Amino acid sequence: MIEITIARNNKTFEITANGHSGYAPVGEDIVCSGVTSVMLFAANAAICTNGELLKMESGEIGVTMPVTKQTELIVEALKMTFDTMRIRYGEWINISLKGV
């Protein structure tokens with residue numbers, strides 16, 4: 001299962017994804033591929049907004065972004081995208097929201 005966490009404190013958002021879905025064999029897993037694509041968007045958004053790429057390894061990716069009006073919209077779009085994925089693939093994705 002992929003564990004996705006979106007957290008907010010007064011100054012930063014932190015978005016992480018950990019694990020593998022197990023939906024299909026490596027190289028054929030559309031759930032992992034989808035989450036990876038969304039997290040690559042999050043990594044690029046973090047770089048564009050003075051955030052930081054915390055980690056990018058197989059099965060682990062994490063980013064931070066400062067809290068601004070712009071990043072609030074980005075994070076809202078990320079939440080909506082992950083929630084859409086969870087509706088169809090909820091057995092393989094878990095989403096935790098903390099302070100958002």
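These are my notes on the strands, one helix and a surface patch of this model.

**Ground rules.** I'm working from a predicted model, so I kept to local features with pLDDT of at least 70 and side-chain atom pairs at pLDDT 80 or more, while totals for chains, interfaces and linings use all residues. Numbering starts from 1 along each chain as its sequence is written, and side-chain values use heavy atoms, with hydrogens and water left out.

**Strands.** I looked up E1 (residues 2–8) and E2 (residues 12–18): they run antiparallel, joined by 6 bridges. Strands here are DSSP E runs of at least two residues, and helices are H or I runs of at least four, numbered from the N terminus. Pairing takes at least two DSSP bridges between two strands. A hairpin of 3 residues links E1 to E2, and threonine 5 has threonine 16 as its bridge partner in E2. E2 also pairs with E4 (residues 60–66), antiparallel, over 7 bridges; there I found alanine 17 opposite isoleucine 61.

**Helix H1.** Which residues of H1 are buried (under 20% relative accessible area, 1.4 Å probe, protein chains only; exposed is over 50%, partly exposed in between)? I listed Val31, Cys32, Val35, Val38, Met39, Ala42, Ala43, Ala45 and Ala46. They cover an arc of only 165° around the axis, so they sit on the same side of H1. The arc is taken from the directions from the helix axis to the C-beta atoms. Ile47 and Cys48 are exposed on the other side of H1.

**Leucine 53.** I placed leucine 53 in E3 (residues 52–57). Leucine 53 counts as partly exposed because its relative accessibility is 36%.
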